[in-house]
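Reader: I am in my first year and still learning to read protein structures, so could you take a close look at a single part, the sheet and what is packed around it, and then follow the chain outward from there? Please go slowly and connect each step with the one before.

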Amino acid sequence: MNIYTEKLLIEDFGISKELIDYVTNQEGKIIDNFKELDDIKEFNQYKIVKAMHDVKLGATDFNWTTGYGYNDVGREKTEEIYSLVFKTEDALVRPTIASGTHALSLTLNGILLPGDHLLSITGSPYDTLQQVIGIEGNEAGNLIEMGIEYDEIPLIDGQIDLDGIEAMIKENTKLVTIQRSTGYSDRRAFSVDEIGQAISKVKSINKDIYVMVDNCYGEFLDYKEPTELGADVMAGSLIKNPGGGIALSGGYIVGKEKLIERIANKATAPGLGKDSGLTFGTTRTTLQGLFLAPLITSEAVKGAILVGQVFSSLGYNVVPKVNDIRSDIIQAIEFGSPEKVEAFCKGIQDAAAVDAHFTPIAAEMPGYESHVIMASGSFIEGSSIELSADAPMREPYYAYYQGGLTYPHCKLGVFIALNNLLKDGLISL
Ligand SMILES: *Cc1c(COP(=O)(O)O)cnc(C)c1O
């Protein structure tokens, strides 16, 4: 490390020379992993710029509309760009989709009718989706209340049980769902190829069953996306990877035209579909974020690899392992104790550019069953493509680290988090 940088870390952040040397040494072991990420970044950058060229994106497309939002050219081009990038027939991309959960909920509610069967083949879905489906909590309007049947196939050693799918498919199975990312579990994210194999398996049993992918945290980590390997519909959040840290809010849903039409009719109203809905002047930030997304995502995943390397060198179980293929930006660390999780999350908060003077504490969160501690000091509230860490307060005390708009910021998070753990006597180098 450059001597000016070292001096600054020591004097302004109170990081010891020993800690700097430790992290720098660990970083030296992962530099080779960054090359492949740079290649993927380059590919996705060109793909996105090409889509912007194809729709003739122009400066006037960033203007506002009002009222019903009819003929919002910027909104229409944004949705066309998403279709081109994800290679689908159609897309719904709106700032008014409140979150990833909302995008996924709209997708499920748009496609499923009473009496239909929904099957998750990647075990229990993400916490918030459990409430959407109705397997946890008893929220009004959940899918089970609406007369939808639900089953899930547990993973076997963290892998999709391909041979177990056929037996779980019923006459009325309408939709199979696959979650790409780790979520709050202890398995690595599924690669796009693995997702493709699972989709082929489902289609070989019954080609009329739709396959949906929860692509949260997975975008732009590969040369392909699951929609290129047969997923009929896919959804994610704009305050994760595809918003590039710039999108103010929103979600996207991409897929088959007839599915997007049904989903859009849920998002607005039957008959209105995609033709209305104000974008409140967010087109520029949504698209500038998409433009930056390959870069930002690669910075974040480099940070995740550094976190994985450092904590595995200290003897902690990490998921994914340092040299596993990355298919999301999450790095899970099994801390085994609430004190360590809290010290780690506090360190990430201390490194934030915004709200660094606050201390995160575990609390109830809407949509989550356990108390969750969320370290997030972000420019966009709750944005987890920015440096963040969260942890449901339950055994075996995993912390989930993700995001970081720049690699140096991720590294600062590592320095401060380790420093906190050292100061509290919870680890030793
Ligand atoms: C983040 C996430 C979601 C949606 O979460 P929101 O906070 O509502 O955007 C859904 N599934 C997975 C796997 C996620 O990581």
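Author: In this predicted model, seven strands make up an open sheet, and reading across it their order is β1-β7-β6-β5-β4-β2-β3, with mixed pairing. The edges are formed by β1 (90-94) and β3 (149-152), each of which pairs on one side only. If direction is ignored, neighbouring strands of the sheet are turned against each other by 15° on average. As background, the strands of a sheet pair through backbone hydrogen bonds, and the pairing can be parallel or antiparallel. An example of the parallel sense is the pair of β2 (residues 117-120) and β4 (residues 173-179), which is held over four bridges; within this pair, S120 has T177 of β4 as its bridge partner.

Helices also pack on this sheet, and two of them can be described by the strands they touch. Helix α4 (residues 73-86) touches β1, β6 (233-237) and β7 (251-255), and the direction of α4 makes about 125° with that of β1. Helix α9 (residues 257-267) lies across β1, β5 (210-214), β6 and β7, and α9 runs at about 25° to β1.

From α4 we can step outward to helix α3 (residues 33-54), which packs with α4 at an angle of about 135°, the two axes being 9 Å apart. That angle makes α3 oblique to α4, and the crossing of the two helices is right-handed. On the side of α3 the contact involves K47, I48, A51, M52 and D54, which meet I81, L84 and V85 of α4. Sorted by class, this contact has six nonpolar residues, two charged ones and no polar ones.

The loops at either end of α4 each hold a lysine that deserves a careful look. K56, in the loop between α3 and α4, has a positive phi of about 55° although K56 is not a glycine. K87, which is found in the loop between α4 and β1, likewise has a positive phi of about 55° without being a glycine. As for their surroundings, K56 is exposed, with a relative accessible area of 67%, whereas K87, at 47% relative accessibility, counts as partly exposed.

A buried residue makes a useful contrast here. V132, in helix α6 (residues 127-133), has a relative accessible area of 14% and is therefore buried, since the cut-off for that word is under 20%. Leaving aside residues up to four places away in sequence, V132 touches T101, S105, L108, N142 and L143. V132 is also separated from K423 by 291 residues in sequence and by 41 Å in space, taken from C-alpha to C-alpha.

K423 leads us to another part of the chain, because helix α12 covers residues 407-423 and packs with helix α11 (residues 338-351) at an angle of about 140°, their axes 7 Å apart. At that angle α11 and α12 are oblique to each other, because only angles over 145 degrees would count as roughly antiparallel. Their crossing is right-handed. The contact is made by K340, A343, F344, K346, G347, I348, D350 and A351 of α11, together with H409, L412, G413, I416, A417, N420 and L421 of α12, and these residues divide into eight nonpolar, four polar and three charged.

Strand β11 (388-392) brings us back to strand pairing. Five of the five residues of β11 are buried, so this strand is largely enclosed by the rest of the structure. S388, D390 and P392 point one way from β11, while A389 and A391 point the other way. Strand β10 (residues 372-376) runs antiparallel to β11 and is joined to β11 by five bridges, with A375 standing opposite A389. β11 also pairs with β12 in the antiparallel sense, over three bridges, and there A389 stands opposite Y401.

β11 and β12 form a hairpin with five residues between them, and in the turn Y397 has a positive phi of about 60°. The loop between β11 and β12 (398-402) also holds P396, which is joined to E395 by a cis peptide bond with omega of about -5°. Another cis peptide bond joins V319 and P320, where omega is about -5°, and P320 sits in the loop between β8 (318-319) and β9 (331-334).

Conventions: Residues are numbered from 1 along each chain as its sequence is written. This is a predicted model: local features need pLDDT of at least 70, side-chain atom pairs count only at pLDDT 80 or more; totals for chains, interfaces and linings use all residues. Side-chain values use heavy atoms; hydrogens and water are left out. Axes are lines fitted to C-alpha atoms, for helices over the stretch in contact, and angles run from 0 to 180 degrees between N-to-C directions. Angles under 35 degrees count as roughly parallel, over 145 as roughly antiparallel, 65 to 115 as roughly perpendicular and the rest as oblique. A crossing is left-handed if the near helix is turned anticlockwise from the far one by less than a right angle, and right-handed if clockwise. Contact means heavy atoms within 4.5 Å. Ala, Val, Leu, Ile, Met, Phe, Trp, Tyr, Cys and Pro count as nonpolar, Asp, Glu, Lys and Arg as charged, and the others, Gly among them, as polar. Two strands pair if DSSP finds at least two bridges between them. Buried means under 20% relative accessible area, exposed over 50%, partly exposed in between (1.4 Å probe, protein chains only).
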